[in-house]
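Here are some short exercises to work through with the model open beside you. Try each task before you read its solution.

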There are 2 protein chains.
Amino acid sequence: MNLAEAKQQFISSWGAFGTHWGINRTMAQIHALLLISPDPLSQDDIMQELNISRGNVNMNIRDLIDWGLVQRVLLPGERREYFSAEKDIWKVATQIVKERKKRELDPMLKLMTRLEAVEGDKKDKHVKQFVDTVSGIRHFGQQADRMLDVMVKADENWFVGTLMKFFR
Amino acid sequence: MNLAEAKQQFISSWGAFGTHWGINRTMAQIHALLLISPDPLSQDDIMQELNISRGNVNMNIRDLIDWGLVQRVLLPGERREYFSAEKDIWKVATQIVKERKKRELDPMLKLMTRLEAVEGDKKDKHVKQFVDTVSGIRHFGQQADRMLDVMVKADENWFVGTLMKFFR
DNA sequence: CTGAAATTTCAAAAGTTTTTGAAAGTTTTT
DNA sequence: AAAAACTTTCAAAAACTTTTGAAATTTCAG
């Protein structure tokens, strides 16, 4: 397989992969394109490579910047803005974990804590099942939360070297 | 907050949560409803509780069964089918991990392995960046794969008891 | 300042996913 | 063997999401 084909496949499957993870196809494709570009790209470069409109590139680039996955780069002597993606996959992963934890897990745990305090007779099986379920979710979520916190703060070498010895 | 309100909130936020994870709103809501129901429910029960059509319930229940999260239950002396969800959150989580690993991670790793073998001069920076990125993703993915395998096979007590001592 | 280049915005169009509900299919009962 | 009870299917409609592109805004070199 030559580079052009391989690029196409990578970009298109990263896009498909993204859709399973609540990220839209185009955002994931732009990210993929930037991941494999040795140099920063401009909006026009991205429009050309992926055949998408200016507005679309602009919006999705902005989201990628919000997620902390892409940075604006100003090339000296150039008027226009360029964009480049964080290339270290460990950093990419921890950044995504950090954001999703903040956006999804943390609010969910807050809600579960509130719902656990539902009023009602704990001997009523409907109340009991509700409280048990919510509390089970909260417990599990808190374990996950702690684990992800450590992962986000950890250095890759510690993680891969020390912790991964358990997984053999 | 009374039970009815709490139920509503739980179902609706579980639905919203699901959409961030590539699961459709209704499927997640049905799952939520079954999680907090002490007894199995029929299609009609679900239609009523969530105000959705018969076909919709049927399709989404089928998907939940495919995911291994819901089971058909035949109540003695009853003609119709009832459905009940696995209530143990640890089992629910490992089941989801197992399925997503199989459906998404495994094929992705296969693709990365193929793409890593792209032909071309490794001194060309475009080729180099492509291979480095793909290989970085493969490495990370394989670590994750191993870790998730252990998690899926592990018993909850081992996981929470032994492993979680690391996360303090 | 000025005006050309670059970026951002956003309403409308295109595309995608989900839902509905009636018809077809299946199983059970009489 | 026909009717009744229940389940599944699927084409069309509705709802939702993404993309476009032209206009508005911002930026900056001269």
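**Exercise 1: polar contacts with strand D**

A phosphate oxygen of DNA strand D sits 3.2 Å from an N or O atom in the side chain of A:Asn56. Before going on, note that this is a predicted model, in which local features need pLDDT of at least 70, side-chain atom pairs count only at pLDDT 80 or more, and totals for chains, interfaces and linings use all residues. Residues are numbered from 1 along each chain as its sequence is written, chains are lettered from A and ligands numbered from 1 in the order in which they are written, and side-chain values use heavy atoms, with hydrogens and water left out.

Task: find which part of DNA strand D pairs with a polar side-chain atom of B:Arg79.

Solution:
- Step 1. Look for a polar contact, here a pair of N or O atoms within 3.5 Å.
- Step 2. The partner of B:Arg79 is a base nitrogen of DNA strand D, 3.1 Å away.
- Step 3. For B:Glu81, a polar backbone atom lies 3.1 Å from a phosphate oxygen of the strand.

**Exercise 2: the surface near strand D**

Task: work out how the residues of the surface near DNA strand D divide into nonpolar, polar and charged.

Solution:
- Step 1. Collect residues with a heavy atom within 4 Å of the strand.
- Step 2. There are 18 residues around DNA strand D, and A:Thr26, A:Ser53, A:Arg79, B:Asn58 and B:Arg62 come nearest.
- Step 3. The surface holds one nonpolar, 10 polar and seven charged residues.

Notes:
Polar contact = N/O pair within 3.5 Å; in protein donor to acceptor, adjacent residues only side chain to side chain. Nonpolar A, V, L, I, M, F, W, Y, C, P; charged D, E, K, R; others polar.
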